[in-house]
Amino acid sequence: MVMSAVIDSLEATTVTLTTTIDKVEHSVDQPVSAGENRVEWLLAIPNPNLWWPVGLGEPTLQNLKVQASVDDKVSDQRSIITGIRAVKMDDYQLTINGQRLFIKGANYAPQRLDIANTTLADARHDIALALDANLNLLRLRAHVAHPAVYEAADRLGMLLWQDFPLHEGYSNRIRHNAIRLAESMV
């Protein structure tokens, strides 16, 4: 698994990045320069507990923790809940963790005009309705949803197809901002 982080440092130094997931702990020393540093490292997880979409298995989620230390003193740490999975699309055939999946999906528009006030209960309700309709994928068309939607989908085993939130035609002048937005979304 490829891990990445942005590290801000006041001076050139070496940062120890400790990653913990699924009972696996891995540390790597990373030299950084003063200012913003974008770093990547590999994390091997033997026999991981995989996340599966509805119909193929259980949507197993795990806590991923990354800790940055300098001279054995913790500088910063972040923790997220995630699912380990391999998604591949080849000639319009989707596989999850090597298993072919027939997609049954629908568009998912923002459920309310004030997206910021979406609750986890709202999102779980919408995704439960989609699951009751025998769907396994929702397409977030031309918008980025509230984080509760992504969390509910992860927990319930629903695949999400995230569109870039811009559609129709645009001038080439927005290219730089569009690239930055795409990187931020990922």
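## The loop between S2 and S3

Lys23 sits in the loop between S2 and S3. In this predicted model, Lys23 has a positive phi of about 65° although it is not a glycine. That is worth a second look, since most residues other than glycine have a negative phi. Is Lys23 buried or exposed? With a relative accessible area of 86%, Lys23 is exposed.

The strands on either side, S2 and S3, make a hairpin with two residues between them. Asp22, also in the turn, has a positive phi of about 50°.

## The sheet around the hairpin

Following the hairpin outwards takes us to an open sheet of four strands, ordered S3-S2-S5-S6 and paired in the antiparallel sense. Strand S3 (24-32) and strand S6 (73-82) are the edge strands, each pairing on one side only. On average, neighbouring strands of this sheet are turned by 15° against each other, direction ignored.

How many bridges join S2 to S3? Nine bridges link strand S2 (residues 13-21) to S3, and the two run antiparallel. If you would like residues to find on screen, Thr16 stands opposite Asp29 in S3, and Thr20 has Glu25 in S3 as its bridge partner.

S2 also pairs with strand S5 (residues 62-70), again in the antiparallel sense, over five bridges. Here Leu17 has Ala68 in S5 as its bridge partner. As a general reminder, the side chains of a regular strand alternate between the two faces of the sheet.

## A second positive phi, this time buried

Asn97 is another residue that is not a glycine yet has a positive phi, of about 50°. You will find Asn97 in the loop between strand S8 (93-96) and strand S9 (99-101). While Lys23 is exposed at 86% relative accessible area, Asn97 counts as buried at 15% relative accessibility.

## Helix H1 and its two sides

Helix H1 (residues 120-132) has 13 residues. From its first C-alpha to its last, H1 reaches 18 Å, close to the 18 Å expected at 1.5 Å a residue. Just after H1, Asn134 takes a positive phi of about 70°.

Which residues of H1 are buried? They are Ala123, Asp126, Ile127 and Ala130. Seen down the axis of H1, these buried residues fall within an arc of 90°, so they line one face of the helix. The spacing makes sense in general terms: an α-helix has 3.6 residues a turn, so residues three or four places apart point the same way.

The buried residues of H1 pack against strand S10 (105-108), strand S11 (137-140) and helix H2 (147-156). On the face of H1 turned away from its buried side are the exposed residues Ala121 and Asp132.

## Tyr150 in helix H2

Helix H2 is also home to Tyr150. Tyr150 is partly exposed, with a relative accessible area of 24%. Leaving aside its neighbours within four places in sequence, Tyr150 is in contact with Leu140, Val144, Ala145, Leu160 and Gln162.

One of these partners, Ala145, offers a detail you can check in the viewer: its backbone nitrogen lies 3.1 Å from a polar atom of the side chain of Tyr150. For a sense of where Tyr150 stands relative to Val28, the C-alpha atoms of these two residues are separated by 30 Å, and the residues are 122 apart along the chain.

Definitions and conventions
Residues are numbered from 1 along each chain as its sequence is written. This is a predicted model: local features need pLDDT of at least 70, side-chain atom pairs count only at pLDDT 80 or more; totals for chains, interfaces and linings use all residues. Side-chain values use heavy atoms; hydrogens and water are left out. Two strands pair if DSSP finds at least two bridges between them. Axes are lines fitted to C-alpha atoms, for helices over the stretch in contact, and angles run from 0 to 180 degrees between N-to-C directions. Buried means under 20% relative accessible area, exposed over 50%, partly exposed in between (1.4 Å probe, protein chains only). The expected span of a helix is 1.5 Å times one less than its number of residues. The arc is that of the directions from the helix axis to the C-beta atoms. Contact means heavy atoms within 4.5 Å. A polar contact is a pair of N or O atoms within 3.5 Å; within protein, one must be able to donate a hydrogen and the other to accept it, and residues adjacent in sequence count only if both atoms are side-chain atoms.
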